[in-house]
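Work through the exercises below with the sequence and the model open side by side. Each task is followed by a solution in steps.

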Amino acid sequence: MRKANKERWSVPAALQWRKKHGWQCGFNYLPRTAVNWNEMWQDATFDIKTIEQELIWAHEVGLNTLRTNLPFIVWQHERDALMANIRTFLGACESANIKVILTLLDDCEFSGESPRYGKQPEPISGVHNSQALASPGRAEVMNRDLWPEIERYAKDVISEFGNDSRIILWDLYNEPTNRMLFKNGVHSEFDIAIETHSHALMENLFVWAREMNPIQPLTVAAWHAEGETPFAHPTDQKAFELSDVITFHAYVEPAQMAKVVQALPSRERPVLCTEWMARHLGSTYPSQLPMLKQEDIGAIQWGLVKGKTQTWIPWPWVEVPEHQRNLWFHDLLDENGKPFDIDELALIAQCAQPDGEPE
């Protein structure tokens with residue numbers, strides 16, 4: 001076992017990481033055949049052929065990094081198969097020259113349902129990410145008696161892959177304190193009790209992960225990007241304080257993105273935007289990718305291929321004017337690998353040049 005290093009990475013170490021890996025331009029990933037991450041990773045539905053095909057498409061587009069989530073419930077039921085599938089997946093990423101960011105937990109659950117193991121429901125027609133499940137789940141986050149099991153999960157995964165150079169970053173917890181429920185078009189935030197537990201679990205994850213001393217840096221993304229003061233939420237501030245590499249999410253129009261960039265902590269450390277690009281909201285490739293490149297902020301957009309998650313459909317609360325009815329919300333390619341907008345691919349290829357700057 002590697003000797004534990006319980007300290008945050010130094011700034012020079014973080015900058016050396018940036019120098020080694022270069023500017024990250026990539027995507028959040030589920031294959032088009034998976035309705036959620038449980039379906040992606042469960043052995044019965046792990047679709048490596050589709051994954052290999054789509055990763056080649058991503059490489060051909062000019063993308064170099066992906067971010068994907070691991071499901072706690074799958075680890076509970078089929079730990080060895082999950083580990084084997086992660087290894088197979090990393091091999092496919094390496095073959096396609098795609099670097100990997102792995103996310104361990106997730107508070108975002110569009111479905112409003114508890115995590116389920118086994119056969120996953122089919123997508124609900126016309127609904128964005130209709131079967132998305134949190135990990136470990138609302139009840140599990142609230143149940144601190146389960147936290148030792150979550151600790152075992154986090155340490156087990158990092159122990160297996162904490163020395164694997166194909167993984168470049170551990171994103172410990174996707175949007176902690178974000179428990180948004182979507183049922184019958186109703187949008188409501190979860191209560192302060194779950195928020196308190198979620199924040200505390202995030203802090204514990206940093207402790208547990210550092211005890212495993214992975215070669216990769218650790219991060220959790222700040223995600224409260226809207227409003228006059230982005231990232232004022234205490235969980236965002238704590239994430240900034242604890243992360244080796246600074247990450248954030250921002251599905252916002254260009255003027256708000258300028259505020260977001262100004263609200264980031266000291267730019268001594270490398271910065272990645274690990275979720276962005278929502279065309280109906282003004283978060284588009286032409287309006288923001290060149291700026292992110294100019295600012296040396298990694299750009300990991302949502303979605304790659306139009307599929308069962310239906311993330312080309314807008315969020316339920318987004319009002320879509322008539323002239324945008326055919327506009328995709330997320331995603332770059334259709335089921336045959338054809339682009340939604342060929343000009344977006346040209347811009348990606350231009351910005352992703354190792355040492356070049358966009359015109």
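**Exercise 1. Place Q353 in the chain and state whether Q353 is buried, partly exposed or exposed.**

Step 1. Q353 belongs to the segment that follows helix 11; helices here are DSSP runs of H or I with at least four residues, strands are runs of E with at least two, and both are numbered from the N terminus.
Step 2. The relative accessibility of Q353 is 45%, so Q353 counts as partly exposed. The cut-offs are under 20% relative accessible area for buried, over 50% for exposed, and partly exposed in between, with a 1.4 Å probe and protein chains only.
Step 3. Between the C-alpha atoms of Q353 and K20 the separation is 15 Å, while the two residues are 333 residues apart along the chain.

Two notes on the basis of these values. The model is predicted, so local features need pLDDT of at least 70 and side-chain atom pairs count only at pLDDT 80 or more, whereas totals for chains, interfaces and linings use all residues. Residues are numbered from 1 along each chain as its sequence is written, and side-chain values use heavy atoms, with hydrogens and water left out.

**Exercise 2. Describe how helix 3 packs on helix 4.**

Step 1. The axes of helix 3 and helix 4 (residues 72-95) cross at roughly 25° and come within 9 Å. Axes are lines fitted to C-alpha atoms, for helices over the stretch in contact, and angles run from 0 to 180 degrees between N-to-C directions.
Step 2. Helix 3 is therefore roughly parallel to helix 4. Angles under 35 degrees count as roughly parallel, over 145 as roughly antiparallel, 65 to 115 as roughly perpendicular, and the rest as oblique.
Step 3. The crossing of helix 3 over helix 4 is right-handed, meaning that the near helix is turned clockwise from the far one by less than a right angle.
Step 4. From helix 3, I48, I51, E52 and L55 meet T88, F89, A92 and C93 of helix 4; contact means heavy atoms within 4.5 Å.
Step 5. By class, this contact has six nonpolar, one polar and one charged residues. Ala, Val, Leu, Ile, Met, Phe, Trp, Tyr, Cys and Pro count as nonpolar, Asp, Glu, Lys and Arg as charged, and the others, Gly among them, as polar.

**Exercise 3. Do the same for helix 6 and helix 7, and find the salt bridge that joins them.**

Step 1. Helix 6 (residues 147-161) and helix 7 (residues 192-212) have axes 10 Å apart and pack at about 40°.
Step 2. That angle makes helix 6 oblique to helix 7.
Step 3. Helix 6 passes helix 7 in a right-handed crossing.
Step 4. Among the contact residues are W147, I150 and A154 of helix 6 and L201, L205 and W208 of helix 7. The contact divides into ten nonpolar, three polar and three charged residues.
Step 5. K155 and E211 form a salt bridge at 2.5 Å, N to O; the term covers a side-chain nitrogen of Lys or Arg within 4 Å of a carboxyl oxygen of Asp or Glu.
Step 6. K155 lies in helix 6 and E211 in helix 7, so the bridge ties together parts 56 residues apart in sequence. E211 is partly exposed, at 23% relative accessibility.

**Exercise 4. Which parts of the chain do the salt bridges E54 to R32 and K308 to E39 link?**

Step 1. The closest N and O atoms of E54 and R32 are 2.9 Å apart. E54 is in helix 3 (residues 48-61) and R32 in the loop between strand 1 (25-28) and helix 2 (37-41), 22 residues apart.
Step 2. E54 is buried at 0% relative accessible area, and R32 counts as buried at 18%.
Step 3. For K308 and E39 the closest N and O atoms are 3.2 Å apart. K308 sits in the loop between strand 10 (297-302) and helix 11 (342-351), and E39 in helix 2, 269 residues apart.
Step 4. K308 is buried at 19%, as is E39 at 9%.
Step 5. The structure holds 21 salt bridges.

**Exercise 5. Where do E175, T177 and P136 lie, and what is notable in their backbone?**

Step 1. Most residues other than glycine have a negative phi, and most peptide bonds are trans.
Step 2. E175 has a positive phi of about 45°, and T177 one of about 80°.
Step 3. E175 lies in the loop between strand 4 (167-174) and strand 5 (180-183), and T177 is in the loop between strand 4 and strand 5.
Step 4. E175 is buried at 8% and T177 is buried at 5%.
Step 5. S135 and P136 are joined by a cis peptide bond, with omega about 10°. P136 is in the loop between strand 3 (99-106) and helix 5 (138-142).
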